[in-house]
Amino acid sequence: MSENDDGGFDGDLPESLLPYDDWVEDAYREVMLRAIEHVAAEGLPGDHHFYLTFLTTAPGVEISARLRAQYPHDMTIVLQHQFWDLTVDRERQIVSVGLSFGGVGSTLVIPVAAITAFADPQVRLALRFHVPETAAEETGEPALDGPTPPDGAPEETDAASGEAQVVSLDAFRRRTPPGERG
């Protein structure tokens, strides 16, 4: 590897002997957990809301049989207007929340290791997480990042119909007022 004229490097970076990718993912999971804990204690400020995607077949996931039948592999929930009993149990490494699906209340228990994505469209924050081998084996799919909707948009599931819908983040992007454009 050699330095090029613009100060960058030519060629591939050497393989790290330190687990930087794991450390970064752990840090991002910590950011997600702190955000959820904050909202559990203080509520959602302003227009913040969360998309949380998780594997429904991962070990430790507790959802109703009806929801498991509707979402046999993964599910994206939206924490925005109507949810209750949002908690993070650091010792058990789970997130739990009450939500209504088609008018029927349900409590979801989601192990942190089952979460594949977290997003807060208000600030265009989107985090993707690798799934541990054991959780991926449960689904019969390879241990990769969760499903990737087009253009990086999170997938929102219509709880009434059970069909996935792609939600464009363009609706959440900040717009510059006409008088402030440069």
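Val24 lies in helix α1, in a model that is predicted. The relative accessible area of Val24 is 41%, which makes this residue partly exposed. Together with Tyr28, Val31, Val123 and Leu125, Val24 forms a nonpolar patch of about 380 Å² on the surface. Helix α1, which spans residues 20-42, supplies the largest share of this patch, namely three residues.

Two further residues of helix α1 were examined. Glu25 belongs to helix α1 and has a relative accessible area of 15%, so Glu25 is classed as buried, the cut-off being under 20%. When neighbours within four places in sequence are left aside, Glu25 is in contact with Phe129 and His130. His38 is also located in helix α1. With a relative accessible area of 45%, His38 is partly exposed, because this class covers values between the 20% limit for buried residues and the 50% limit for exposed ones. His38 and Val88 are 50 residues apart along the chain, and 9.9 Å separates their C-alpha atoms.

The chain as a whole contains three helices and eleven strands. Their order along the sequence is β-β-α-β-α-β-β-β-β-β-β-α-β-β. Of the 182 residues in the chain, 33% are buried. Among contacts with a separation of 6 or more, 49% are between residues 24 or more positions apart. The chain has an accessible surface of about 11200 Å², and carbon and sulfur atoms account for 49% of that surface.

Strand β3 consists of residues 50-55, and six of the six are buried, so the strand is largely enclosed by the rest of the structure. This holds for both faces of β3. On one side, Phe50, Leu52 and Phe54 are buried, and on the other side Tyr51, Thr53 and Leu55 are buried as well.

The pairing of β3 involves strands β4 and β8. Strand β4, formed by residues 74-79, pairs with β3 in the antiparallel sense over six bridges. Within this pairing, Tyr51 has Val78 of β4 as its bridge partner. Strand β8, formed by residues 115-120, also runs antiparallel to β3 and is joined to that strand by four bridges. In β8, Ile115 stands opposite Phe54. Tyr51 and Phe54 are thus placed on opposite sides of β3, with Tyr51 bridged to Val78 in β4 and Phe54 facing Ile115 in β8.

A further buried position is found in strand β6, which covers residues 94-101 and includes Ser96. The relative accessible area of Ser96 is 13%, and the residue is therefore buried, since the limit for that class is 20%. The side chain of Ser96 makes a polar contact of 2.6 Å with the side chain of Thr87. Thr87 is also one of the residues that Ser96 touches when positions up to four places away in sequence are not counted. The others in this set are Asp85, Leu86, Leu108 and Val109.

Note on methods:
Residues numbered from 1 in each chain as written. Predicted model: local features only at pLDDT ≥ 70, side-chain atom pairs only at ≥ 80, totals over all residues. Heavy atoms only, no water. Patch = residues over 30% accessible without salt bridge, like charges linked within 9 Å, V, L, I, M, F, W, Y side chains within 5 Å. Areas by Shrake-Rupley, 256 points an atom, 1.4 Å probe, with all protein chains shown as cover. Salt bridge = Lys/Arg side-chain N within 4 Å of Asp/Glu carboxyl O. Helix = DSSP H or I, 4+ residues; strand = E, 2+ residues; numbered from the N terminus. Buried < 20%, exposed > 50% of the residue type's maximum accessible area, 1.4 Å probe, protein only. Polar contact = N/O pair within 3.5 Å; in protein donor to acceptor, adjacent residues only side chain to side chain. Contact = heavy atoms within 4.5 Å. Pairing = 2+ DSSP bridges.
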